[in-house]
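Please walk through the model shown below, beginning with a single residue and working outward to the chains and the DNA.

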Protein chains: 4
Amino acid sequence: MPKRVDMEARRAELLEAVWRIIPRSGIAAATTRAIAREASVSNGVLSHYFPDKDSLLIEALRTAYARAHTRMREGTRGLVGLDAVRAIMLEALPLDETRLVEAQVGVSFWGLSLGNERLLEVMRTEWERFWDVLSFRVDEARSLGQLADDVRPDDLTHELIVLVEGISAQAVLYPSRVPTKRQVEILDSILKRVSAPTQAENAALE
Amino acid sequence: MPKRVDMEARRAELLEAVWRIIPRSGIAAATTRAIAREASVSNGVLSHYFPDKDSLLIEALRTAYARAHTRMREGTRGLVGLDAVRAIMLEALPLDETRLVEAQVGVSFWGLSLGNERLLEVMRTEWERFWDVLSFRVDEARSLGQLADDVRPDDLTHELIVLVEGISAQAVLYPSRVPTKRQVEILDSILKRVSAPTQAENAALE
Amino acid sequence: MPKRVDMEARRAELLEAVWRIIPRSGIAAATTRAIAREASVSNGVLSHYFPDKDSLLIEALRTAYARAHTRMREGTRGLVGLDAVRAIMLEALPLDETRLVEAQVGVSFWGLSLGNERLLEVMRTEWERFWDVLSFRVDEARSLGQLADDVRPDDLTHELIVLVEGISAQAVLYPSRVPTKRQVEILDSILKRVSAPTQAENAALE
Amino acid sequence: MPKRVDMEARRAELLEAVWRIIPRSGIAAATTRAIAREASVSNGVLSHYFPDKDSLLIEALRTAYARAHTRMREGTRGLVGLDAVRAIMLEALPLDETRLVEAQVGVSFWGLSLGNERLLEVMRTEWERFWDVLSFRVDEARSLGQLADDVRPDDLTHELIVLVEGISAQAVLYPSRVPTKRQVEILDSILKRVSAPTQAENAALE
DNA sequence: CATGAATGAGTGTTCATTCAT
DNA sequence: TATGAATGAACACTCATTCAT
């Protein structure tokens, strides 16, 4: 099925063009012409692979999310409970250039989603996917007795998601405020706090 | 006698038009014509009160932030330390319709700030203003002995700001996920965690 | 009749504003607002003194021509024939700042006159006025025997008018090419050429 | 196979549209819409061939000058000295409809050049080109002994250029005053005046 | 399929003019 | 009479989209 492969490859090139333009110049600069030029193709080619500009942009967003989810799946392989939670978060946070681009793309769409039902729908779907992935592991941690007794799993899941969105915004707007190290510190301080005390700690308390 | 106009009142009307359009239809729909129509004036009137559209939008953003800061000042009157921190957060979080609009306006600009130096500058300035207001009270709480020993003031300030941005994003994208009550719960759970144990608690531990 | 005086004074102020703007920034910059600002009056005042912008501009043109004609009348007082012709030309050529402004204003309107019947009419009227003034003196010179036999009065008049327009264009576009001295040289070389030979010259030829 | 378009031919059509509009309605009527309509294309097409309106208009001016220069080159083929000068002038003067259009276009820009540095630069460049072409032939005439002893070549060149500009202005403003025949008469009277006397004339004088 | 020329609606902005005060 | 706010048409320009080649 060579045609199919070419089709997907060309679509991917256009999506990557969007990912390069948004971090560099913002989503307002992501015109169809600019995208085509960035991808080194002609203007008209765009319509062969996407029904319209909105679909292309939304696909760029969805694919960015999908990449993160793929990484999460791979990153959690063989892990369970809080270890898996930590692995997921390390893929969701804008810790390196690749993840930062995803944050930049994501944040760029947040503002456009008001009054754009289609975009809101995509956002909601991705939110739920992230919630499901994360809450599954949090529940798992609870089952494994890794969570302190006063930690409610859904609250923790929610706290983690809010953290990702808050830090993503920070990374886009004030990158110097949230260097990699700082992000990991914040994450680990949360994980430490919600962890059930170890036997050693219990002993120390007594 | 010339026709007198309350310049500031007129400017405020236009800013309010922006605040109505953005939550309803998104910032992409905030064209000069739409703003004029929303404010029930003619197209050309914009140029009497703002040099250009960008200045109007940025002013709408800045004024939204300024309103929140005014409320913070009023809300913290007579309060100190963690009580003041809590009062500030209650004004910063999208707890009611008014604050939600501010969050919607703010989030709408986040995406536009990539590749827009002027907007980034505004964002940075507001960030620092918020940081100063909040960190002053957090430091105060530390001085008053209200913070647990292992809490670093700047980390707490940062955590609170990240929380505001994360919850603002949530409120814009998935309003049903962060009802007023939930937001206050999250805030109070943080404040409780960072508080120095009371004497009663200390006694209980012994 | 004080009202009358104020009326004329105010009209003059507006016309002078036009004369300042055109040399400095071109006729495209002569908007009603710019003219009002230059004259230190409000926008609306313009309509009290001129029915519309076109009338104001045309009046600015006509008044510039009128000033030159006044100077010609004064400059030729007591003169006849070629002396008067020379005096007229010295007032018509852009020899100093005042006359240069008139040239700049005049040339600025030339391009606008295409397709503007009203402006063309003004131009034609002024042309005839200039022709009449000049040809009267040229004819006078002929009567006084000041012109060489082979000089046709109307040709000379025409040549002089073409010279004024050509040099005016030069002065507007390439001021350094036609300094005062150069202009007078050109004028005098023409006048010398068309002059009847003096007795001394006649003697020399024999 | 892409739709092929003769880029230069298309640009020429737009320039010709400008050349039709300016003589008919003036340069103020040369809006982008009017130009597009005149060329029977849509508004947006302009931006394919010119970066902006100013560039289109300036190109229209430059091309008009270029056409004249091309004609001058062709018209002077095989000619030298005063014959070449005359040929050049016959192409520069608004002697027929084609040349009149060039004069109308040129004069239309004169007024706009005040306060427009870019346009002034174009004017200056064209002025120098014309000066070079003309002065080369005048110098040649001097070398060939065709000029009377008291004629300074640069003065003659300048006189001829001033004549072209003066007559161009006349042709635009009062076309009936400078019919073809009149223009040629004026030109030839100048050329005759500056010519070195022939042997026959010398003999007659003795 | 790919091209890129063409379209025309829509944008921000400017402007002469009007008119309530 | 003077003010300057208000109007709305017109402007140059950009853009997503279409479509002949």
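In which helix is C:Leu163 found? The helix is α8 of chain C, which covers residues 153-173. Before going further, note that this is a predicted model.

C:Leu163 has 21 other C-beta atoms within 10 Å. A residue counts as buried when 20 or more such atoms lie within that distance, so C:Leu163 is buried. What is C:Leu163 in contact with, once its neighbours within four places in sequence are left aside? The partners are D:Val162 and D:Gly166, residues of chain D. Within its own chain, C:Leu163 can be compared in position with C:Ile186, which is 23 residues away along the chain. The C-alpha atoms of these two residues are separated by 9.1 Å.

The contacts of C:Leu163 lead to the interface of chains C and D. There, 32 residues of chain D are in contact with 32 residues of chain C. On the chain D side, two or more residues come from each of α1 (7-25), α6 (97-110), α7 and α8 (153-173). Helix α8(D) provides the largest share of this side, nine residues. By class, the side of chain D that touches chain C has 19 nonpolar, ten polar and three charged residues.

The contact of chains A and B can be described in the same terms. It takes 33 residues from chain B and 33 residues from chain A. At least two residues of the chain B side are supplied by each of α1 (7-25), α6 (97-112), α7 (117-143) and α8 (153-173) of chain B. Which helix gives the most to this side? That helix is α8(B), with nine residues. The side of chain B that touches chain A divides into 20 nonpolar, ten polar and three charged residues.

Chain A can also be viewed on its own. It has ten helices and zero strands, and its C-alpha trace spans about 75 × 40 × 30 Å along the principal axes. Of the 206 residues in chain A, 39% count as buried. Among the chain A contacts between residues at least 6 apart in sequence, 63% join residues at least 24 apart.

Helix packing can be followed inside chain D, with α5 (residues 81-92) and α7 (residues 117-143). The axes of these two helices come within 7 Å and cross at roughly 155°. Angles over 145 degrees count as roughly antiparallel, and α5(D) is therefore roughly antiparallel to α7(D). The crossing of α5(D) and α7(D) is left-handed. From α5(D), the contact is made by D:Gly81, D:Leu82, D:Ala84, D:Val85 and D:Ile88. From α7(D), the residues are D:Val133, D:Leu134, D:Arg137, D:Val138, D:Glu140 and D:Ala141. By class, this contact has eight nonpolar, one polar and two charged residues.

The last stop is DNA strand F. Which of the 37 residues around DNA strand F come nearest? They are A:Thr31, B:Gly44, C:Gly44, D:Asp52 and D:Lys53. The elements giving two or more residues to the surface near this strand are α2 (32-38) of chain A, and α2 (32-38) and α4 (53-75) of chain D. By class, the surface near DNA strand F has eight nonpolar, 18 polar and eleven charged residues.

Note on methods: Residues numbered from 1 in each chain as written. Chains lettered and ligands numbered in written order. Predicted model: local features only at pLDDT ≥ 70, side-chain atom pairs only at ≥ 80, totals over all residues. Near = placed C-beta within 6 Å. Helix = DSSP H or I, 4+ residues; strand = E, 2+ residues; numbered from the N terminus. Nonpolar A, V, L, I, M, F, W, Y, C, P; charged D, E, K, R; others polar. Axes fitted to C-alpha atoms, helices over the stretch in contact; angles between N-to-C directions. Parallel < 35°, antiparallel > 145°, perpendicular 65-115°, else oblique. Left-handed = near helix turned anticlockwise from the far one by under 90°. Contact = placed C-beta atoms within 7 Å. Buried ≥ 20, exposed ≤ 12 C-beta atoms within 10 Å, placed from the backbone.
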